[in-house]
Amino acid sequence: MPGTALIGAQWGDEGKGKLTDLFAEQMDMVVRATGGDNAGHTIVVGDETYKLRLLPSGILYPHVVPVIGNGVALNPGVLLAELQGLTDRGINVSRLRISANAHLVMPYHRELDKVTERFLGRNKLGTTKRGIGPAYADKARRIGVRLQDLFDEKIFRQKVEIALKDKNQILTKLYNRMPLDIDAIMEEYFSYASSIEKYMADTSLLTNDALKAQQKVLFEGAQGTLLDIDHGTYPYVTSSNPTAGGMCVGAGVGPRALNRIVGIAKAYTTRVGGGPFPTELFGEEGAHLRKIGREFGTVTGRDRRCGWLDLPILRFAVRINSFNSFALTKLDILSEFDSLKVCVGYEYNGKRYDEMPFHQSVLHHVSPLYEILPGWQTDITQCTEYDQLPKEAMDYVAFVEEHAGVPVDIVSVGPERAQTLLRKTA
Ligand code: IMP
């Protein structure tokens, strides 16, 4: 079955937007299956830059059916604003389909995300404050509200009443905040209903039918492997499974639907928010990489933490996701260095770790073991074929392949579509 998945191999922000867009052009359907408006994709098409948070990038192509699956945490206000923004720019959004089972992000989820982060003080997770964690928590507690509930006024009110009861107690008694008013929430959410109804569908059925008909379906990842709630650097993770397995659950397809799984990895490493990051660069070095890599968050505008490439992390991501190959992004950012450090393992308390240590306390304290590779110090942004890269850049890519265990079949050397080098296997 012709299903392709693009999955972040690090802590998100690997440049999935550009790759997704590149693949989307050749697809019949593009599905988003996890996360919510905590994600941010920047897509550059010619002179136009689009910043998408909830919508699958396929929305930009008239021949693609864009789908939001059941696994997405859907903030309807954000969705409608994003749709309006695209409509204003002449994009036809009418093909969008949204799972009736997608859980809604409610005002109390956002409120709780904000106050709990504040309450955690220096232990805060650094969330995007979009209410994603509290929305998935309600889903797991079975007091979540789904898109389909919006279309039964009585049920919707009942469900929100149940969910709001303990939230208001927590907000007022624990956090000293004002309670939220159910009538205001009803009014706001019912005002969205008529605009959203036409998009609601059984997206699992649609997607499976498309696959059966041999249509090309792209499963578009959000966040990254190390932010996965099960496999990431818990608790400094998001609240969904942005890995290949989560993609199946969040789209309503079986594992055999993904017959090509591509890991997207940046040629160095970044993360936003708290949590361990063994190859992080601090001070001047970190600030410099941030500046040349333009590493500022799409959603929150926060500075991203930056560091050298970490290969045990990529190996781990291959294991968790069954990647067939990698797309290595932002290789051009490394062009100015005369030598490049690449982490091949870690050391802690006299012990060497070749794989990511499973114990969080160890990961927090490891020192990276680096190999130093020669830089190329040549502008590579104009390369149009892989073979045009300087030898040192090709050696860097080969080093990644050797340590990660799968081929790198796409290399990105700039933000434009044309700045993408496809190798023979891609
Ligand atoms: P949440 O997903 O807003 O709950 O945030 C949890 C953690 O995931 C925080 O460290 C966020 O910075 C991080 N995170 C969530 N979405 C993204 C993303 O799209 N890119 C990078 N980091 C993200």
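## Ligand site, helix H1 and nonpolar core

An oxygen atom of the ligand lies 3.3 Å from a polar backbone atom of Val 272, and such a pair is a polar contact, meaning N or O atoms within 3.5 Å. The structure is a predicted model, in which local features need pLDDT of at least 70 and side-chain atom pairs count only at pLDDT 80 or more, while totals for chains, interfaces and linings use all residues. Residues are numbered from 1 along each chain as its sequence is written, and side-chain values use heavy atoms, with hydrogens and water left out.

Two contacts of the ligand with side chains are set out below.

| Residue | Ligand atom | Distance |
|---|---|---|
| Asp 13 (side-chain N or O) | nitrogen | 3.2 Å |
| Thr 238 (polar side-chain atom) | oxygen | 2.6 Å |

Taken alone, the ligand exposes 470 Å², of which the protein buries 96%; these areas come from the Shrake-Rupley method with a 1.4 Å probe. Around the ligand there are 15 residues, each with a heavy atom within 4 Å of it, and the closest include Asn 38, Thr 128 and Arg 302.

Helix H1, a DSSP run (H or I, at least four residues), spans residues 16-24, and because 9 of its 9 residues are buried, the helix is largely enclosed by the rest of the structure. Buried here means under 20% relative accessible area, with a 1.4 Å probe and protein chains only.

The largest nonpolar core, a set of buried residues of nonpolar kinds joined through side-chain atoms within 4.5 Å, has 59 residues, and Phe 219 and Leu 314 are among those that touch the most other members. Helix H12 (residues 391-404) gives the most to this core, with 6 residues.

Note on methods
Polar contact = N/O pair within 3.5 Å; in protein donor to acceptor, adjacent residues only side chain to side chain. Buried < 20%, exposed > 50% of the residue type's maximum accessible area, 1.4 Å probe, protein only. Helix = DSSP H or I, 4+ residues; strand = E, 2+ residues; numbered from the N terminus.
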